[in-house]
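Subject: Structure handover

Hello,

Here is the structure I promised to pass on. Please open it next to this note; my findings follow below.

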Amino acid sequence: MTTRPEDTDLLGVDQDYAALENELAQTVTNIESTYPGYDEYRYSLDEIDHNPYELTSYLLAKYHVYFQEQVQDELREIFKAQYELTLTEEIDGLKQDYEKLWGQVSKVLIELSALVEK
């Protein structure tokens, strides 16, 4: 009877978790190309990394013996608890005022254009 996970399961789980982290890091890296058109991008980031020994210890404490395929849902739950990606759009007041003013100017120009055409 097996009393601990196989090394391939231990390493596979760690690689699976690292893949989730790499996907998140890639998402962060691509923020500006995924959401283009902003004047400024501000980031408040913590390190995207995990301690494989802590991950293994947690899974061993919970499952005693586990297989890579068995803990995939648990890995996603741990990942969601460890990381949160929040995107917030902020438009400063000056830009809003400018856009509002430009909208008014555009409306006046359209009205003037209509008068000139008559």
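Is Glu-77 buried, partly exposed or exposed? Its relative accessible area is 45%. Partly exposed covers the range between 20% and 50%, so Glu-77 is partly exposed. Keep in mind that this is a predicted model.

Salt bridges

The whole structure holds 4 salt bridges. Three are described here, starting with the one that involves Glu-77.

- Lys-80 and Glu-77: their side chains form a salt bridge, N to O 3.4 Å. Both residues sit in helix H4, 3 residues apart, or about one turn of the helix. Lys-80 has 56% relative accessibility and so counts as exposed.

- Asp-73 and Arg-76: this salt bridge has an N to O distance of 2.7 Å. The two residues are 3 apart in helix H4, so about one helical turn separates them. Asp-73 is exposed, at 55% relative accessible area. Arg-76 is partly exposed, at 40%.

- Glu-74 and Lys-62: here the side chains meet at 2.9 Å, N to O. Glu-74 belongs to helix H4 and Lys-62 to helix H3, so this pair ties together parts that are 12 residues apart in sequence. Glu-74 is buried, because its relative accessible area of 11% falls under the 20% cut-off. Lys-62 is partly exposed, at 44%.

As general background, side chains of opposite charge can pair when their charged atoms come close.

Helix packing

How do H3 and H4 lie relative to each other, given the angle at which they cross? Helix H4 spans residues 72-82, and its axis comes within 12 Å of the H3 axis. The two axes cross at roughly 125°. That angle is neither in the 65 to 115 range for roughly perpendicular nor over 145 for roughly antiparallel, so H3 and H4 are oblique to each other. The crossing of H3 past H4 is right-handed. The Glu-74 and Lys-62 salt bridge links this pair of helices.

Surface patch

Which residues make the nonpolar surface patch? They are Tyr-35, Tyr-38, Leu-85 and Leu-87, and the patch covers about 380 Å². Tyr-35 lies in the loop between helix H2 (31-34) and helix H3 (52-63). With a relative accessible area of 40%, Tyr-35 is partly exposed.

Best regards

Conventions:
Residues are numbered from 1 along each chain as its sequence is written. This is a predicted model: local features need pLDDT of at least 70, side-chain atom pairs count only at pLDDT 80 or more; totals for chains, interfaces and linings use all residues. Side-chain values use heavy atoms; hydrogens and water are left out. Patches are made of residues with over 30% relative accessible area and no salt bridge: like charges are joined within 9 Å, nonpolar side chains (Val, Leu, Ile, Met, Phe, Trp, Tyr) within 5 Å. Accessible areas come from the Shrake-Rupley method with a 1.4 Å probe; for residues, only the protein chains shown count as cover. Helices (H or I, at least four residues) and strands (E, at least two) are DSSP runs, numbered from the N terminus. Buried means under 20% relative accessible area, exposed over 50%, partly exposed in between (1.4 Å probe, protein chains only). Axes are lines fitted to C-alpha atoms, for helices over the stretch in contact, and angles run from 0 to 180 degrees between N-to-C directions. Angles under 35 degrees count as roughly parallel, over 145 as roughly antiparallel, 65 to 115 as roughly perpendicular and the rest as oblique. A crossing is left-handed if the near helix is turned anticlockwise from the far one by less than a right angle, and right-handed if clockwise.
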